[in-house]
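Good morning, colleagues. Please take a moment to look over the chain on the screen, and then I shall go through it with you.

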Amino acid sequence: MPHSQDVEGTNDPESPSQYECLQCGTIVEATTNPGTCSCGGDFHNRAKSLE
Ligand SMILES: [Zn+2]
């Protein structure tokens, strides 16, 4: 059964991940990467380990 294809199949859209700003440490819970923090830092997904 085809679903609407306007969501990019990265992760389960029903389960938000926590993203942490690398610069100021702000935690944002979102289903997609929030991109750039208001401080100008980049977010990374806390569920994924940095390498
Ligand atoms: Zn920030």
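Let me begin with a question: is Cys-37 buried or exposed? Cys-37 is buried, with a relative accessible area of 8%. I should say at once that we are looking at a predicted model, and my remarks apply to that model.

First, the overall layout. The chain has 0 helices and 3 strands, and from the N terminus its elements follow the order β-β-β. Of the 51 residues in the chain, 18% are buried. Among contacts between residues at least 6 apart in sequence, 21% join residues at least 24 apart.

The 3 strands form an open sheet, ordered S2-S1-S3, with antiparallel pairing. Strand S2, residues 27-30, and strand S3, residues 43-45, are the edge strands, and each pairs on one side only. From one strand to the next, the twist averages 35 degrees.

Let us take the two pairings in turn. Strand S1, residues 17-21, is joined to S2 by 4 bridges. Glu-20 lies opposite Ile-27 of S2, and Gln-18 has Glu-29 as its bridge partner there. S1 and S2 make a hairpin with 5 residues between them, and in the turn Gly-25 has a positive phi of about 85 degrees. On the other side, S1 and S3 run antiparallel and are joined by 3 bridges. Here Tyr-19 has Asn-45 as its bridge partner in S3.

Asn-45 merits a further word. This residue of strand S3 counts as buried, at 9% relative accessibility; the cut-off for that term is under 20%. Leaving aside residues up to four places away in sequence, Asn-45 touches Ser-17, Gln-18 and Tyr-19. Its C-alpha atom is separated by 6.5 Å from that of Glu-20, although the two residues are 25 apart along the chain.

Now to the faces of S1. Which side chains of this strand point to the buried face? They are Ser-17, Tyr-19 and Cys-21, whereas Gln-18 and Glu-20 point to the other face and are not buried. In general, the side chains of a regular strand alternate between the two faces of the sheet.

Two of those S1 residues, Tyr-19 and Cys-21, belong to the largest nonpolar core, which has 5 residues and also includes Ala-30, Cys-37 and Phe-43. As a general tendency, nonpolar side chains in soluble globular proteins are buried together. Ala-30 touches Pro-16, Ser-17 and Tyr-19, again not counting residues up to four places away in sequence.

That brings me to the metal. What coordinates the zinc ion? The donors are the SG atoms of Cys-21, Cys-24, Cys-37 and Cys-39, at 2.2 to 2.3 Å. The site is tetrahedral, with angles of 105 to 114 degrees among its 4 donor atoms. For comparison, the ideal angle for four tetrahedral donors is 109.5 degrees. Along the chain, the donors follow the spacing C-x2-C-x12-C-x1-C. Cys-21, in strand S1, and Cys-37, in the loop between S2 and S3, are 16 residues apart, and this pair links distant parts of the chain.

Finally, I return to my opening question. Cys-21 has a relative accessible area of 2% and Cys-37 one of 8%; the limit for a buried residue is under 20%, and therefore Cys-21 and Cys-37 both count as buried. Each of them belongs to the largest nonpolar core and also coordinates the zinc ion. Thank you for your attention.

Definitions and conventions. Residues are numbered from 1 along each chain as its sequence is written. This is a predicted model: local features need pLDDT of at least 70, side-chain atom pairs count only at pLDDT 80 or more; totals for chains, interfaces and linings use all residues. Side-chain values use heavy atoms; hydrogens and water are left out. Two strands pair if DSSP finds at least two bridges between them. Helices (H or I, at least four residues) and strands (E, at least two) are DSSP runs, numbered from the N terminus. Axes are lines fitted to C-alpha atoms, for helices over the stretch in contact, and angles run from 0 to 180 degrees between N-to-C directions. A nonpolar core is a set of buried Ala, Val, Leu, Ile, Met, Phe, Trp, Tyr and Cys residues joined through side-chain atoms within 4.5 Å. Buried means under 20% relative accessible area, exposed over 50%, partly exposed in between (1.4 Å probe, protein chains only). Contact means heavy atoms within 4.5 Å. Donors are N, O and S atoms within 2.8 Å of the metal (3.2 Å for Na, K and Ca); water is not among the atoms, so sites may look incomplete. Four donors count as tetrahedral if all angles lie between 85 and 135 degrees; four count as square planar and six as octahedral if opposite donors are over 155 degrees apart and all others between 65 and 115; anything else is irregular.
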